Amino acid sequence: MLYRQLFNQLQKFLQKLRSWRAGVFLSVLLSVTLLLIWRAIAQQPVTLNLLMPAPDVQPMREAMVKGFEAENPGIRINIVEGPNAANAVEDLYTSAFLLGGSPYDLINLDVIWTSKFAAAGWLLDLTDRVTKEELAAFSSQDVEGGRYQGRLYRLPIRSDVGMLYYREDLLKAAGFEPPETFEDLLKISQTLQQQDRTNWGFLWQGRQYEGLVTVFVEVLEGAGGFWINPDTLEVGLDRPESLRAVEFLRSTLQQGISPPGVTTYIEEDTRRIFQSGQAAFLRNWPYVWPLANEENSPVRGKIAIKPMVHAPGQSAGATLGGWGLGIAKTTRHPDEAWRAIQYFTNREAQRRFILQAGYVPSRLDLFTDPEIVAVYPHFPQLLEVVENAVLRPPIAQYAQASDILQRYLSGTLTNRMSPEQAMRAAANETRRLLGSRG
Ligand code: GLC
């Protein structure tokens, strides 16, 4: 519009002058103006949109985005703050892709989303952009979490692993060693509650959402069971070990060891209660450590961390979590997006990110980095836990399988169904979903 008006006016002017010199002069003027406008447009920074769960936004901005933007003045990262719960963020990404024209350029992927997003064709294949040597710097589990059918779609920016936090001060005062078995945890909790040393024994995430699945997978592993075998698609939800795992979680509620609110809590709810000093044990991710040890935290210096409790004769299970970045197939800026991923996964940016938020590193050498270990003495121990962590099944139907499990677990935890009924129904529905017989 603007150009056309300009052009018309010029034409009229030229006709009036009927002079070739003025014509040349004005053509040059017009070209220069157009060139300036073009340059101004070309210099506009490219903006990359990225949606993240709310608690991750601040550390991402501070430790990663600021440095990246300073080094790359032509690229801006616009972080959209999503809900706290991981699967609510997944729903937002999913509906953006299903509606077409996703507004996101970079995709912040939970370790369990890659298969679904890649199978749906929403992600760019990154395989040829990274060398084997570059990948070898990361924990192999985290890298695997970014592959689908042998191709790579996501690079890890942080790992995660479920752990048990406990109040070292309370346990010591009452003469207890840290718990190893389900029974130990129940007994210690009850005693501390009876002695009025704590309001609550054990906090965990029991809302009907992905976090409940991560808790269950951990307890299930500790009971010697399994959910879905990704190779054979066998389903283990109605086996005795699964019932044992459900019984443990239910008993924490029935015995008043966990507050009734647990069945509605996600990570941050439980973290706040534990941090205010009202519970002896907390199942959560390592991001809790720096927050619970903040200067004004009532439990600062009083807590310790260890792998989850398990059944006698079994070993502790830890669910592998973690986040990574992929590129939306629909982005108009794949090269800028790749530049950002390279920066966010480099050693220095990762180190700042970990130091700032206490996240579990994806780069193996950061677990034993002296500067990091000075702040997080439990990290070398975490490396072993991460390497043996349990993966949720990496299958394209993961979201549906998780949804089934969430629904029935919640049904039995809130006493709407017996454990047997719930787990039989969950197993059968999962078998139908996967077309498996096992
Ligand atoms: C953490 C984990 C993620 C998991 C989520 C569940 O963010 O890193 O893998 O799915 O918690 O709430």
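**Close-up views of a predicted model**

**View A. Gln149 sits in a loop with a positive phi.** Gln149 is exposed, with a relative accessible area of 67%. This is a predicted model, so read every view here as a prediction. The loop that holds Gln149 runs between β4 and β5 (151-152). Check the backbone while you're here: phi of Gln149 is near 45°, which is positive even though the residue is something other than glycine.

**View B. Asp196 is another non-glycine residue with a positive phi.** Look for Asp196 in the loop between α9 (182-194) and β8 (200-203). Its phi is about 60°. Is Asp196 buried or exposed? With a relative accessible area of 69%, and the cut-off for exposed being over 50%, Asp196 counts as exposed.

**View C. Gly145 is tucked into a loop and buried.** Here we're in the loop between α7 (140-144) and β4 (147-148), which is where Gly145 is found. Its relative accessible area is 11%, and buried means under 20%, so Gly145 makes the cut. Which residues does Gly145 touch, leaving out those up to four places away in sequence? They are Val111, Thr114 and Arg154. Gly321 is worth picking out too: its C-alpha atom is 9.4 Å from that of Gly145, although 176 residues of chain separate the two.

**View D. Two domains meet, each built from two stretches of chain.** The domain assignment gives domain 1 as 47-161 + 321-390, and domain 2 as 163-319 + 393-434. Measure from C-alpha centre to C-alpha centre and domain 1 and domain 2 are 26 Å apart. How many residues of each domain are in contact with the other? The count is 24 from domain 1 and 24 from domain 2.

**View E. The largest nonpolar core takes in 138 residues.** If you want the residues with the most contacts inside this core, go to Met60, Ile77, Tyr93, Phe216, Trp227 and Phe344. Both domains feed into the core, with at least three residues coming from each of domain 1 and domain 2. Zoom in on Met60 and skip its neighbours within four places in sequence: what's left in contact with Met60 is Leu50, Met52, Val65, Ile79, Ile157, Phe344 and Phe353. Phe344, then, is a contact of Met60 and also sits on the list of residues with the most contacts in the core.

**View F. Helix α10 packs against helix α11.** The pair to find is α10 (residues 210-222) and α11 (residues 240-254), whose axes are 9 Å apart at an angle of about 120°. Why are α10 and α11 called oblique? Their angle of about 120° falls outside the 65 to 115 range for roughly perpendicular and is not over 145 either, so the two helices are oblique to each other. The crossing is right-handed. On the α10 side, the contact uses Val215, Phe216, Val219 and Leu220. On the α11 side, look for Glu241, Ser242, Ala245, Val246, Phe248 and Leu249. Phe216 should ring a bell from the core in View E.

**View G. Helix α11 also crosses helix α18.** The partner this time is α18 (residues 398-413), and its axis comes within 10 Å of the α11 axis, with a crossing angle of roughly 45°. That makes this pair oblique. As α11 passes α18, the crossing is right-handed. From α11 come Val246, Leu249, Arg250 and Leu253, and from α18 come Leu409, Thr412 and Leu413. Val246 and Leu249 of α11 serve here and in the contact with α10.

Definitions and conventions:
Residues are numbered from 1 along each chain as its sequence is written. This is a predicted model: local features need pLDDT of at least 70, side-chain atom pairs count only at pLDDT 80 or more; totals for chains, interfaces and linings use all residues. Side-chain values use heavy atoms; hydrogens and water are left out. A nonpolar core is a set of buried Ala, Val, Leu, Ile, Met, Phe, Trp, Tyr and Cys residues joined through side-chain atoms within 4.5 Å. Buried means under 20% relative accessible area, exposed over 50%, partly exposed in between (1.4 Å probe, protein chains only). Domain bounds come from an automatic or database domain assignment. Contact means heavy atoms within 4.5 Å. Axes are lines fitted to C-alpha atoms, for helices over the stretch in contact, and angles run from 0 to 180 degrees between N-to-C directions. Helices (H or I, at least four residues) and strands (E, at least two) are DSSP runs, numbered from the N terminus. Angles under 35 degrees count as roughly parallel, over 145 as roughly antiparallel, 65 to 115 as roughly perpendicular and the rest as oblique. A crossing is left-handed if the near helix is turned anticlockwise from the far one by less than a right angle, and right-handed if clockwise.
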